[in-house]
Amino acid sequence: MTAGLDALDGWWDDVIVGAGSSGAVLASRLSEQPGRRVLLVEAGSAQAAGAHAPPSPLGRPVLTGANWDYEASLGTDADGDRRYPYPVGKAVGGSSAVNGAIALRGLPADFEEWSAAGGPDWTWDRVLPYFVRIEADADIIGQGHGRGGPIPIRRPARSRLGAVPQAFVTACHAAGLPDLYDLNGSPGPGVGPVPSNSAGGRRVSTADAYLTPACDRPNLVLRERCHVLRVLVERGRAVGLEGVVDGRRSCRIRAGQVTLSAGAINTPAILQRSGIGSAGQLRSVGIDPVADVPGVGENLSDHPAVTIWGVPATASWTADCPLHQVMARALASNGRLDLGVFLATNVAGADIPVIGRALGAETVMSVSAVLLAPASRGSVRLRDSSPQAKPAVTLGLASERADIDELMEATRLAWSIVRRTPLAGLVGRIVIWTDRMVSDSALLKTAIARFACPLWHAAGTARMGPVTDPMAVVDARCRVHSVPGLHVVDASVMPSVLRATPNLSCIMLAERVAEWMA
């Protein structure tokens with residue numbers, strides 16, 4: 001399946017940019033038709049994630065060597081001084097090969113927003129069969145869960161939880177949250193085990209699940225280390241790609257259809273380099289507009305998190321204990337299921353900038369208060385016309401008053417869980433946070449403004465919507481408005497970030513669109 005430069009010559013039915021959570025799935029499904037020539041190009045390599053991931057607990061993300069090492073502005077000013085690392089997967093498998101291996105579905109409420117923007121094909125009852133199709137759920141049998149899909153789903157047994165996760169569950173019960181064993185089946189509040197896309201204690205990426213079984217198909221070619229610069233557009237239609245292979249050789253690829261699955265940061269950057277975006281913005285950086293699509297790069301959303309870091313009182317986990325075993329969801333005061341509380345154990349202190357040194361321990365734990373449905377929005381924009389320039393990523397994190405209020409609720413809930421018996425007895429030392437900071441609203445707002453950080457769940461930068469919506473980039477079937485022959489199939493098309501980690505929904509999205517493109 002992997003090919004050299006010469007194999008890029010000729011004409012392809014489909015060329016797909018990005019072998020990640022959506023692109024690998026789409027390439028595998030389209031190439032099931034023997035007569036259809038499918039080319040999948042990836043800027044990283046199949047070895048990248050594995051080569052830079054020493055043996056580590058399940059769920060520890062790969063933060064170096066297999067990423068686009070971007071940086072984001074946390075505020076609303078692209079050049080502001082509140083900067084934060086923003087790595088996204090650069091490997092075969094994309095972010096699915098380097099993420100925390102959390103396999104959560106979006107909630108029905110999320111797909112109400114999708115269907116409002118994209119129409120009835122995106123209602124919960126329409127997408128559920130695709131979630132079922134992709135799963136091989138080893139723990140739950142019955143309607144609403146799959147057994148024979150390509151993605152293995154596993155949950156830690158209650159009897160095998162470590163001492164800290166057990167204490168977290170008990171503390172959540174004391175805070176009024178019920179047991180919720182099936183976080184992918186019930187849309188309500190509660191605490192339960194985290195489902196993981198894993199097998200044998202190892203993360204299973206879309207490269208493992210979709211590309212490896214398809215590796216012998218002669219009509220599917222994967223070209224690694226191919227950095228796509230722009231989409232070729234002739235007489236208004238997408239006809240191929242221009243890129244650089246192995247960092248030095250230019251290439252032009254011709255195709256009947258082009259699909260961008262490069263993720264919510266790189267996809268809008270490629271569109272803009274291709275002259276597809278806001279005509280005024282493109283001209284301001286020296287790019288001639290091909291199609292005036294103002295929504296490209298706008299509407300960026302991510303989950304803001306406020307994290308409470310602590311050092312355990314005693315060694316309460318083994319070296320191979322997964323980072324994520326349990327989590328909780330809770331209702332906000334507005335009645336929406338907007339609050340998340342995530343426990344992480346066995347975190348390497350060296351992986352945490354600044355605070356890791358303050359903790360002064362090899363392994364630490366965290367309880368993160370997460371806003372699941374933020375209203376704040378940011379953007380992805382080019383700084384200039386250079387194909388090598390990194391895009392300006394502006395998150396606008398917690399810039400809306402409603403987000404600050406809900407993050408205050410989430411932080412107070414997380415703090416109450418940390419301070420409850422028996423969890424409080426297992427936490428030896430907490431950095432920065434105090435009872436006074438959490439109880440004093442003015443102090444808490446200041447702390448949230450200072451410490452809120454993103455979870456690297458970018459979405460929405462080429463969102464779906466009808467052609468009458470001036471900020472919509474793609475239609476309900478992920479076809480780019482005003483540019484025939486061009487699709488976007490990745491988290492970019494989501495109207496907003498889901499109340500869940502995005503990986504499983506990106507896979508579902510690709511499965512759904514593959515049927516329409518067949």
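Good morning. I begin with a single pairing: E135 has I151 of strand β6 as its bridge partner. The structure is a predicted model, and I shall use this pairing as the way into its first sheet.

The next bridge to note joins A136 to P152, which also lies in β6. These pairings belong to the contact between β5 and β6, where β6 covers residues 151-154. The two strands run in the parallel sense, and three bridges connect them.

What is the strand order of the sheet in which they sit? The order is β5-β6-β8-β9, an open sheet of four strands with mixed pairing. Its edges are β5, residues 135-137, and β9, residues 202-203, each of which pairs on one side only. The mixed character can be followed at β6. Towards β5 the pairing of β6 is parallel, whereas towards β8, residues 196-199, the pairing is antiparallel and has two bridges. In that second pairing, R154 stands opposite S196 of β8.

I turn now to the helix on this sheet. With regard to β5 and β6, their pairing is parallel, and helix α4, residues 124-134, packs on the sheet and touches both of these strands. The direction of α4 makes about 65 degrees with that of β5.

One residue of α4 deserves a separate remark. P129 is found in this helix, and its relative accessibility is 44%, so it counts as partly exposed. For a sense of distance, P129 and A78 are 51 residues apart in sequence, and their C-alpha atoms are 40 Å apart in space.

Helix α4 also has a helical partner. Two packed helices are described by the angle between their axes and the distance between the axes. For α4 and α14, the latter spanning residues 503-517, the axes come within 9 Å and cross at roughly 110 degrees. An angle from 65 to 115 degrees counts as roughly perpendicular, and α4 and α14 are therefore roughly perpendicular to each other.

Which residues of α4 meet α14? They are R126, V127, Y130, F131, R133 and I134. On the side of α14, the residues are L504, S505, I507, M508, E511, R512 and E515. Sorted by class, this contact has seven nonpolar, one polar and five charged residues.

A second helix pair may be set beside this one. Helix α10, residues 401-418, and helix α13, residues 441-451, have axes that come within 10 Å and cross at roughly 105 degrees. This pair is therefore also described as roughly perpendicular. From α10, the contact draws on R401, I404, L407, M408, T411 and R412, and from α13 on S441, L444, K445 and I448. By class, there are five nonpolar, two polar and three charged residues in this contact.

The next topic is another sheet. It is open, has four strands in the order β4-β3-β21-β20, and its pairing is mixed. The edge strands are β4, residues 83-89, and β20, residues 379-381, and each pairs on one side only. On average, and with direction ignored, neighbouring strands of this sheet are turned by 30 degrees against each other.

Within this sheet, β3, residues 67-73, runs antiparallel to β4, and seven bridges join the two. One of the pairings places N67 opposite G89 in β4. Helix α7, residues 263-273, packs on the sheet and touches β3, β4, β20 and β21, the last of these being residues 392-394. The direction of α7 makes about 40 degrees with that of β20.

I close with two buried residues. Is D14, which lies in strand β1, residues 11-17, buried or exposed? Its relative accessibility is 1%, and because buried means under 20%, D14 counts as buried. The side chain of D14 makes a polar contact of 2.5 Å with the side chain of R36. Apart from neighbours within four places in sequence, D14 is in contact with L30, R36, R37, V38, L39, A255, Q257 and M517.

The other residue is L220, whose place is in strand β10, residues 220-223. L220 has a relative accessibility of 1% and therefore counts as buried. Between L220 and G310, which are 90 residues apart along the chain, the C-alpha separation is 48 Å.

Thank you for your attention.

Conventions:
Residues numbered from 1 in each chain as written. Predicted model: local features only at pLDDT ≥ 70, side-chain atom pairs only at ≥ 80, totals over all residues. Heavy atoms only, no water. Pairing = 2+ DSSP bridges. Contact = heavy atoms within 4.5 Å. Axes fitted to C-alpha atoms, helices over the stretch in contact; angles between N-to-C directions. Parallel < 35°, antiparallel > 145°, perpendicular 65-115°, else oblique. Nonpolar A, V, L, I, M, F, W, Y, C, P; charged D, E, K, R; others polar. Buried < 20%, exposed > 50% of the residue type's maximum accessible area, 1.4 Å probe, protein only. Polar contact = N/O pair within 3.5 Å; in protein donor to acceptor, adjacent residues only side chain to side chain.
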